[in-house]
Amino acid sequence: MRMIMIGAALCAFAATPALADQPGRGWIPVAALAKVIERQGYHMTKVEADDGHWEGEMTKAGRVYDFHADPRTGRLTKVERDYD
């Protein structure tokens, strides 16, 4: 019985999604970030604070891209096409 309870607890922990970081003081708001990204021809579809930067997904011409953005300016620092 004890092993079943331990197994159930481990399964519950593994199924819990990781929590994203929280935006820090001085970070550009999400709405302003979306405008910066839109000026470059993209449409932001997902965003979260992660490891000291904004991270998310955006689309352009029917293609999906993963991105990292500077938390204070919204400048894109990494853009990779998502092939999934």
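These legends accompany close-up views of a predicted model.

**View 1. The whole chain carries two helices and four strands.**
Start here to get your bearings. Walking along the sequence, you meet the elements in the pattern α-α-β-β-β-β. The protein has 84 residues, and buried residues make up 26% of them. Its accessible surface comes to about 6200 Å², with 56% of that belonging to carbon and sulfur atoms. If you take the contacts between residues at least 6 apart in sequence, 30% of them join residues at least 24 apart.

**View 2. The largest nonpolar core brings together 15 residues.**
Which members touch the most other members of this core? They are Leu-33, Ile-37, Trp-54, Met-58, Phe-67 and Leu-76. Helix α2 (30-38) and the strands β1 (43-50), β2 (53-60) and β3 (63-69) each give two or more residues to the core. Of the contributing elements, α2 gives the most, with four residues. As background, nonpolar side chains in soluble globular proteins tend to be buried together.

**View 3. Strands β1 and β2 form a hairpin.**
The two strands run antiparallel and are joined by seven bridges. To find your place along the pair, look for Val-47, whose bridge partner in β2 is Gly-56. Two residues lie between the strands, and Asp-51 in this turn has a positive phi of about 55°. When you follow either strand by eye, it helps to remember that side chains in a regular strand alternate between the two faces of the sheet.

**View 4. A second hairpin links β2 to β3.**
Here, too, the pairing is antiparallel, over seven bridges. Trp-54 makes a handy landmark, as it stands opposite Ala-69 in β3. Trp-54 is also one of the core residues that touch the most other members. The turn has two residues between the strands, including Ala-61, which has a positive phi of about 55°.

**View 5. Glu-57 and Lys-46 form a salt bridge across two strands.**
How many salt bridges does a search of the whole structure find? It finds two, and this view shows the one between Glu-57 and Lys-46, where the closest N and O atoms are 4.0 Å apart. Glu-57 belongs to strand β2 and Lys-46 to strand β1, so the pair ties together parts that are eleven residues apart in sequence. Lys-46 is exposed, at a relative accessible area of 52%.

**View 6. Lys-78 and Glu-80 meet in a salt bridge.**
Their side chains come to 3.8 Å, N to O. Are these two residues buried or partly exposed? Lys-78 is partly exposed, with a relative accessible area of 35%. Glu-80 also counts as partly exposed, at 42% relative accessibility.

**View 7. Asp-50 is buried yet has no salt bridge.**
This residue is found in strand β1. Where is the nearest side chain of opposite charge? That side chain is Lys-78, and it is 9.5 Å away from Asp-50. Because a salt bridge calls for nitrogen and carboxyl oxygen within 4 Å, Asp-50 and Lys-78 do not count as one at 9.5 Å. Leaving aside residues up to four places away in sequence, Asp-50 touches Asp-21 and Glu-55. You have already met Lys-78 in the previous view, where its partner is Glu-80.

Notes
Residues are numbered from 1 along each chain as its sequence is written. This is a predicted model: local features need pLDDT of at least 70, side-chain atom pairs count only at pLDDT 80 or more; totals for chains, interfaces and linings use all residues. Side-chain values use heavy atoms; hydrogens and water are left out. A nonpolar core is a set of buried Ala, Val, Leu, Ile, Met, Phe, Trp, Tyr and Cys residues joined through side-chain atoms within 4.5 Å. Buried means under 20% relative accessible area, exposed over 50%, partly exposed in between (1.4 Å probe, protein chains only). Contact means heavy atoms within 4.5 Å. Accessible areas come from the Shrake-Rupley method with a 1.4 Å probe; for residues, only the protein chains shown count as cover. Lys and Arg count as positive and Asp and Glu as negative; His and the chain ends are not counted. Two strands pair if DSSP finds at least two bridges between them.
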